[in-house]
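Student: I've got the sequence and the coordinates open, and I'd like to work through them bit by bit. Could you quiz through it with me?

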Amino acid sequence: MPAPPPDARSFTATVSAVVACGTDGVLLSVRPPQPLPPLRAARFFMLRREDGASPAIPRPFSLYRQADDELVFLVKVTGRGTRALAACEAGSKLRVIGPLGNGWPDLDGDGGPWVMLAGGIGSAPFFMAIEQALSGLGAAPALAAENLCLLYGASTAGFLYDLERFEELGVRVLVATDDGSRGFRGNVCELLEREWEAGGLPRDVRLLACGPDPMLHAVERLARARELSCWLSLEELMGCGVGICNGCPVPTRPEGPLGAWPNAKCCVEGPVFSTEEISL
Amino acid sequence: MADLSVELASLALRNPILSASGTFGHGLEMEHFSPPHTMGGLVSKTVTLRPRPGNTAPRIHETEAGFLNSIGLENRGIGAYLRDVLPRVADADTRIFTNIGGEEAGEFAELASMLDERDEVDALEVNLSCPNVGGGRLPFSTDPALAERVMRGVREATDKPVFAKLSPNVTRIGEIARGAEAGGADGVTAVNTLLGMAVDWRHRKPRIASVQAGYSGTGIKPVALRCAWECARAVDVPVIGCGGVGSAEDVLEFVVAGCSAVQVGTAAFSDPALPGTLAEHLDDLLEAEGVASVRELVGSLDREGRAPA
Ligand SMILES: Cc1cc2nc3c(=O)[nH]c(=O)nc-3n(C[C@H](O)[C@H](O)[C@H](O)COP(=O)(O)OP(=O)(O)OC[C@H]3O[C@@H](n4cnc5c(N)ncnc54)[C@H](O)[C@@H]3O)c2cc1C
Ligand SMILES: Cc1cc2nc3c(=O)[nH]c(=O)nc-3n(C[C@H](O)[C@H](O)[C@H](O)COP(=O)(O)O)c2cc1C
Ligand code: FES
């Protein structure tokens with residue numbers, strides 16, 4: 001029975017800053033009672049306010065950055081829970097459950113370059129992924145910047161959250177918007193195809209993707225058609241985040257490495273899955 | 001220190017706080033959040049004879065004052081439970097309740113006899129009331145005779161204490177409790193989820209794929225309290241209260257209404273560390289009130305006169 005990670009805890013933390021980001025987002029900085037060790041990118045936390053302004057069930061958010069003993073989250077306002085978090089002030093108390101989930105695999109230098117496909121708020125788990133790849137994490141040594149490329153897409157420029165900071169990381173960042181308000185007109189899959197045709201990227205890339213469902217479906221199809229290694233960070237609806245409610249099933253591949261059971265739990269077996277393991 | 005220990009039939013518990021089935025894992029998954037020694041007992045997710053993959057997603061939806069779920073009893077079946085889960089709870093510093101479910105009366109008895117041999121299991125809870133299988137028909141928890149029949153089968157299959165988990169989706173839950181008692185139940189758990197539903201009118205879609213779902217959490221507490229109270233008046237065996245419990249105050253409301261123990265479900269999703277803090281809070285409340293033992297309060301509801309303002 002999959003259990004939450006052994007380092008996960010439930011604690012009260014204090015909001016230290018809330019800064020607007022993009023059209024409908026905020027950067028929420030949170031100070032835990034004790035600093036946390038460096039965490040792998042794409043792990044997540046469940047968050048809710050303790051003053052009753054949030055719904056009772058906390059909501060999942062990828063860790064965006066870790067800096068000065070603080071956890072920073074990039075939150076897009078979509079409903080009750082995210083609205084309450086965005087309305088926090090410095091000093092607001094949050095219930096924080098985490099760190100949860102597995103995070104991206106080690107970004108090693110033993111294959112083709114890594115291409116990160118981010119759709120809108122799906123960029124959140126990539127900031128630290130790039131930082132960690134460039135400095136080395138776990139068993140993986142530091143990766144040269146030319147082995148990494150971020151394709152950052154959104155429907156319109158206002159949903160390219162914190163783009164300037166991504167551009168300052170020192171890796172190649174290509175931008176796409178559906179309405180052409182910034183960069184390539186189209187989506188990140190079309191942008192990748194264009195790069196292949198123009199020779200801007202080799203064919204044997206390895207893919208990491210996070211974004212809305214239709215985008216992840218398209219990335220999965222593309223990865224299967226071209227037989228590329230591919231990992232998806234899923235943003236399934238969650239209840240508990242710690243493996244006890246069975247509310248976050250993801251269909252597994254019948255012959256895949258997760259075994260014969262038809263569902264994986266997104267919260268404790270993901271949120272990152274390889275396309276060998278699951279099929280959306 | 002107040003005395004928090006309670007007795008459920010032949011079973012002594014260190015405190016009256018249990019986890020609710022399906023909201024705390026199968027075994028010790030929550031041990032880093034709510035350590036087993038802080039709990040009176042842990043109730044497993046429902047285990048069925050055969051593996052059940054569960055219902056299609058979306059399976060969950062939070063509403064204004066509660067939570068809808070239609071998990072559909074996803075579990076890997078009794079074989080996997082006996083092999084993979086029970087060995088890990090062997091040394092657990094708390095009571096282990098295995099919750100069992102079936103679609104026919106005979107399945108419950110079969111499960112009970114398989115668990116009877118296992119020392120890791122302290123008691124069985126018999127899920128007569130899952131709304132998320134068989135289209136919400138709830139046969140065993142809406143007919144006292146059927147509840148009696150299932151419990152009799154289970155009673156004959158095991159010497160362990162057995163508790164019948166009842167549904168609030170009936171007019172007179174006391175009659176079902178009496179049926180379960182007549183079949184040999186050592187106690188009843190009141191209640192499972194209410195049948196509920198939520199709609200996304202803009203897209204003309206149900207919020208939960210199976211349309212109907214089980215409603216739990218804060219919003220059901222008054223209903224659960226009334227059900228538990230009716231059961232406590234109807235039967236002589238102990239009643240375990242369940243529904244919307246999120247604080248030590250809530251625990252004592254159920255105790256005063258007649259419950260010997262209480263289960264915490266949906267509140268664990270708000271904070272998986274909460275169930276483990278309740279016993280300590282309970283102790284504080286009893287100390288402040290000058291009550292020596294929680295057992296003194298069981299069923300102490302006084303219907304004469306009015307409470308002081
Ligand atoms: C592992 C993980 C990491 C995440 N990381 C981030 C992050 O870094 N930043 C961020 O802004 N968001 C992130 N999300 C998504 C975020 O959790 C949801 O946006 C949030 O739960 C919405 O809550 P709400 O109360 O505001 O909206 P609700 O009122 O619950 O829902 C509003 C609308 O959004 C839909 N919805 C709710 N949750 C989801 C979801 N998970 N996926 C798709 N649709 C949904 C609902 O069906 C509804 O139509 C992440 C989700 C997961 C599972
Ligand atoms: C996600 C979820 C799964 C549940 N699964 C089960 C189950 O497998 N068996 C069972 O007897 N009850 C199950 N229940 C019902 C709970 O045990 C409990 O009776 C109900 O939720 C009311 O308590 P609460 O308001 O404290 O949650 C489940 C409840 C939820 C929310
Ligand atoms: S969100 Fe509860 S099991 Fe994954």
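Student: Which are the buried residues of helix 6 of chain B?

Tutor: Keep in mind that this is a predicted model. Helix 6 of chain B covers residues 248-256, and 7 of its 9 residues are buried, so it is largely enclosed by the rest of the structure. The names to look for are A248(B), D250(B), V251(B), L252(B), E253(B), F254(B) and V255(B).

Student: And what do the buried residues of helix 6 of chain B pack against?

Tutor: The partners are a mix of strands and helices of chain B. The strands are strand 3 (17-19), strand 15 (239-242) and strand 16 (261-264). The helices are helix 5 and helix 8 (274-289).

Student: Which residue takes a positive phi just after helix 6 of chain B?

Tutor: Look just past the end of that helix, where phi comes to about 125 degrees. That residue is also among the contacts of A228(B). It's G258(B).

Student: Since A228(B) came up, what is it in contact with, leaving aside neighbours within four places in sequence?

Tutor: A228(B) is one of the residues that touch the most other members of the largest nonpolar core. Leaving those sequence neighbours aside, its contacts include F254(B), one of the buried residues of helix 6 of chain B. The full list is A190(B), V239(B), G241(B), F254(B), A257(B), G258(B) and C259(B).

Student: Which element gives the largest share of that core?

Tutor: The core has 181 residues, and L150(A), L151(A), V126(B), V188(B) and A190(B) are also among those touching the most other members. The largest share is 7 residues, and it comes from chain B. The element is helix 5 (residues 221-234) of chain B.

Student: Where does this core lie with respect to the domains of chain A?

Tutor: Chain A is divided into domain 1 (9-100) and domain 2 (114-235). Both give residues to the core, so its place is between domain 1 and domain 2 of chain A.

Student: How many residues of domain 1 of chain A are in contact with domain 2 of chain A?

Tutor: The centres of the two domains are 24 Å apart, taken over C-alpha atoms. On the domain 1 side, strand 5 (65-67) and strand 6 of chain A each supply at least two of the touching residues. That side divides into 6 nonpolar, 5 polar and 3 charged residues, and it meets 14 residues of domain 2 with a count of 14.

Student: Why does ligand 1 lie between those domains, and which residues come nearest?

Tutor: Both domains of chain A give residues to the shell around ligand 1, so it lies between them. Strand 4 (59-62), strand 6 (70-76) and helix 1 (80-86) of chain A each give two or more residues to that shell. By type, the shell has 11 nonpolar, 5 polar and 5 charged residues. Of the 21 residues, the nearest are R59(A), G79(A), G81(A), T82(A) and A124(A).

Student: What about ligand 2: which chains does it lie between?

Tutor: Of the 29 residues that surround ligand 2, the closest are A20(B), G22(B), S216(B), G265(B) and T266(B). Strand 6 and strand 14 (213-216) of chain B each give two or more residues to its shell, which divides into 11 nonpolar, 16 polar and 2 charged. As for its place, ligand 2 lies between chains A and B.

Student: Which element of chain B gives the most to the side that touches chain A?

Tutor: In the interface, 31 residues of chain B are in contact with 26 residues of chain A. Strand 5 (60-62), strand 6 (67-69), helix 1 (77-89) and helix 7 (267-270) of chain B each supply at least two residues. The top contribution is 3 residues, from helix 7 of chain B.

Student: Back to chain A: which are the edge strands of the sheet with order 11-10-9-8-12-13-16?

Tutor: This is an open sheet of 7 strands with mixed pairing. Inside it, strand 8 and strand 9 run parallel, joined by 6 bridges. Each edge strand pairs on one side only, and they are strand 11 (184-185) and strand 16 (272-274) of chain A.

Student: Last one: is A176(A) buried or exposed?

Tutor: A176(A) sits in strand 10 (residues 172-177) of chain A. Among its contacts beyond four places in sequence are L151(A), G153(A) and F184(A). The cut-off for burial is 20 or more C-beta neighbours within 10 Å. A176(A) has 24 inside 10 Å, so it counts as buried.

Notes: Residues numbered from 1 in each chain as written. Chains lettered and ligands numbered in written order. Predicted model: local features only at pLDDT ≥ 70, side-chain atom pairs only at ≥ 80, totals over all residues. Near = placed C-beta within 6 Å. Helix = DSSP H or I, 4+ residues; strand = E, 2+ residues; numbered from the N terminus. Nonpolar A, V, L, I, M, F, W, Y, C, P; charged D, E, K, R; others polar. Domains from an automatic or database assignment. Core = buried A, V, L, I, M, F, W, Y, C linked by C-beta atoms within 7 Å. Buried ≥ 20, exposed ≤ 12 C-beta atoms within 10 Å, placed from the backbone. Contact = placed C-beta atoms within 7 Å. Pairing = 2+ DSSP bridges.
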